[in-house]
Amino acid sequence: MISSETPSNRTVLAVNHLNKLNFQNINEITDILEEKIKDTDKDLYLNLNGIKFIDSCAFEKLVAIHNMASSANRIFRLFNISEELRDIFLFTGFIKKLDISDFREV
């Protein structure tokens, strides 16, 4: 479900074979993200390529990961988000609570 690579000073994680993040799958993903924050001093980037929808539970968990990373003096950024997802981020106001990067920045 999630793959990982570690170029230079960051860990890049990708969500594979999913088109939505929701209460059914977000715990497994955030468990991996929490482990990466605890076990490494690298910044985290989550590739959301292919994700078209995120429910409120998943938003809550992603904000918690963002806060955990900030407390550990690390960056947690989402990238490669679809237009549909960008619209959801804008509409809900989560665009102000999470860092979103352009693919070229990663």
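1. A quick term before we start: a residue counts as buried under 20% relative accessible area, exposed over 50%, and partly exposed in between (1.4 Å probe, protein chains only). By that yardstick, Phe-59 and Phe-89 are both buried.

2. Some housekeeping: this is a predicted model, where local features need pLDDT of at least 70 and side-chain atom pairs count only at pLDDT 80 or more, while totals for chains, interfaces and linings use all residues. Residues are numbered from 1 along each chain as its sequence is written, and side-chain values use heavy atoms, with hydrogens and water left out.

3. Now the rings, which pair if the centres of Phe, Tyr or Trp (its six-membered ring) lie within 6.5 Å; planes under 30 degrees apart are stacked, over 60 edge-to-face, and the rest tilted. There are two aromatic pairs here. Phe-59 and Phe-89 meet edge-to-face, with 5.3 Å between centres and 90° between planes. Phe-59 sits in helix α2 and Phe-89 in helix α3, 30 residues apart (helices are DSSP runs of H or I, at least four residues; strands are runs of E, at least two; both are numbered from the N terminus).

4. The other pair is Phe-59 with Phe-94: the ring centres are 4.3 Å apart and the planes at 5°, so these two are stacked. Phe-94 lies in the loop between α3 and β7 (99-101), so this pair ties together parts 35 residues apart in sequence. Ring pairs thus join Phe-59, Phe-89 and Phe-94 into a cluster.

5. Last, look at Leu-62. Setting aside neighbours within four places in sequence, its contacts (heavy atoms within 4.5 Å) include Leu-21, Ile-54 and Phe-76.
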